[in-house]
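Q: I would like to go through this structure with you. Could you begin with the general picture and then turn to particulars?
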Amino acid sequence: MKAKSIGILSAILGSICCVGPLLLVGSGLGTGAVLIGRYHWIFIVAAMTILIWAWAKYLREKTVCDCERKPMEGRRSGMVTLLIATLLVVGFAGLNVSRYVFASAPVTAQTETDLSNGLHRIVVPVEGLSCVTCEIPVRHALRKIDGVKSVQVSAATKTATVDYEPAKTSPEHLVAAINSTGYRATLPKK
């Protein structure tokens, strides 16, 4: 296997944890996103390991060609492919790491709060959120509920903040919608 193909494989592995959940939500299989989210570090570590192998293979082949004083076949395309794969893997790893490095203090779950416009606000703790793409299925499920006016999901604080009309929905429905995505939500204690 050429270094270029190995580099492409590493970029695909590195992107699974971010692109995979989006594809699953788009195809209606949002609960599968949780499985990818739980094991996202395995994909990132595997992508980095394979990327290191690709660079080693490329540099070894380059060294052999230089020693034999013959041109390396596909040198430029191999280098460009590996550079792009490196940027992608580092970028996707950065998306995951940034949530841990720059995370704010976890927000404590609140009971319902009455807003001045007749809406209620609730902050629901959600277990299993690990990156930006984990937020998407939860946000999508909550927005589909009639009566939900505003949704903010944060993997950094592992919460979902929802403004809703109490006449049309209830906190139990919100929690059920989150749980239907495969993530684990519970009602805050009063």
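A: Certainly. Of the 190 residues in the protein chain, 42% are buried. Please note that this is a predicted model.

Q: Understood. How much surface does the protein chain expose, and what share do carbon and sulfur atoms supply?
A: The exposed surface of the protein chain comes to about 10600 Å², and carbon and sulfur atoms supply 63% of that area.

Q: How many helices and strands does the protein chain have?
A: There are six helices and five strands in the protein chain.

Q: In which order do the elements run from the N terminus?
A: The order from the N terminus is α-α-α-α-β-β-α-β-β-α-β.

Q: What part of the contacts with a separation of 6 or more comes from residues 24 or more positions apart?
A: Such pairs account for 68% of those contacts in the protein chain.

Q: On to the strands. Which way do S2 and S4 run, parallel or antiparallel, and how many bridges join them?
A: Strand S2, residues 120-127, and strand S4, residues 159-164, run antiparallel, and six bridges join them. One of the residues involved is Pro125, whose bridge partner in S4 is Thr159.

Q: And how many bridges join S2 to S5?
A: Two bridges join S2 to strand S5, which spans residues 184-185, and this pair also runs antiparallel. In S5, Arg184 stands opposite Glu127.

Q: Changing topic: how many disulfides does a search of the whole structure find?
A: The search finds zero disulfides. As background, a disulfide is a covalent bond between the sulfur atoms of two cysteines.

Q: Why is there no bond from Cys65 to the closest cysteine sulfur?
A: The closest cysteine sulfur to that of Cys65 belongs to Cys67 and lies 9.4 Å away, which is too far for a bond. The cut-off for a disulfide is a pair of cysteine sulfur atoms within 2.5 Å.

Q: Is Cys65 buried or exposed?
A: Cys65 has a relative accessible area of 7%, so it counts as buried; the threshold for that class is under 20%.

Q: What about Cys134, buried or exposed?
A: Cys134 is buried as well, because its relative accessibility is 1%.

Q: One more residue. Where is Thr81 found?
A: Thr81 is found in helix H4, which covers residues 75-101.

Q: Is Thr81 buried or exposed?
A: Its relative accessible area is 18%, so Thr81 counts as buried.

Q: Which residues does Thr81 touch, leaving aside those up to four places away in sequence?
A: With those set aside, Thr81 touches Lys4 and Ile8.

Conventions:
Residues numbered from 1 in each chain as written. Predicted model: local features only at pLDDT ≥ 70, side-chain atom pairs only at ≥ 80, totals over all residues. Heavy atoms only, no water. Pairing = 2+ DSSP bridges. Helix = DSSP H or I, 4+ residues; strand = E, 2+ residues; numbered from the N terminus. Buried < 20%, exposed > 50% of the residue type's maximum accessible area, 1.4 Å probe, protein only. Contact = heavy atoms within 4.5 Å. Areas by Shrake-Rupley, 256 points an atom, 1.4 Å probe, with all protein chains shown as cover.
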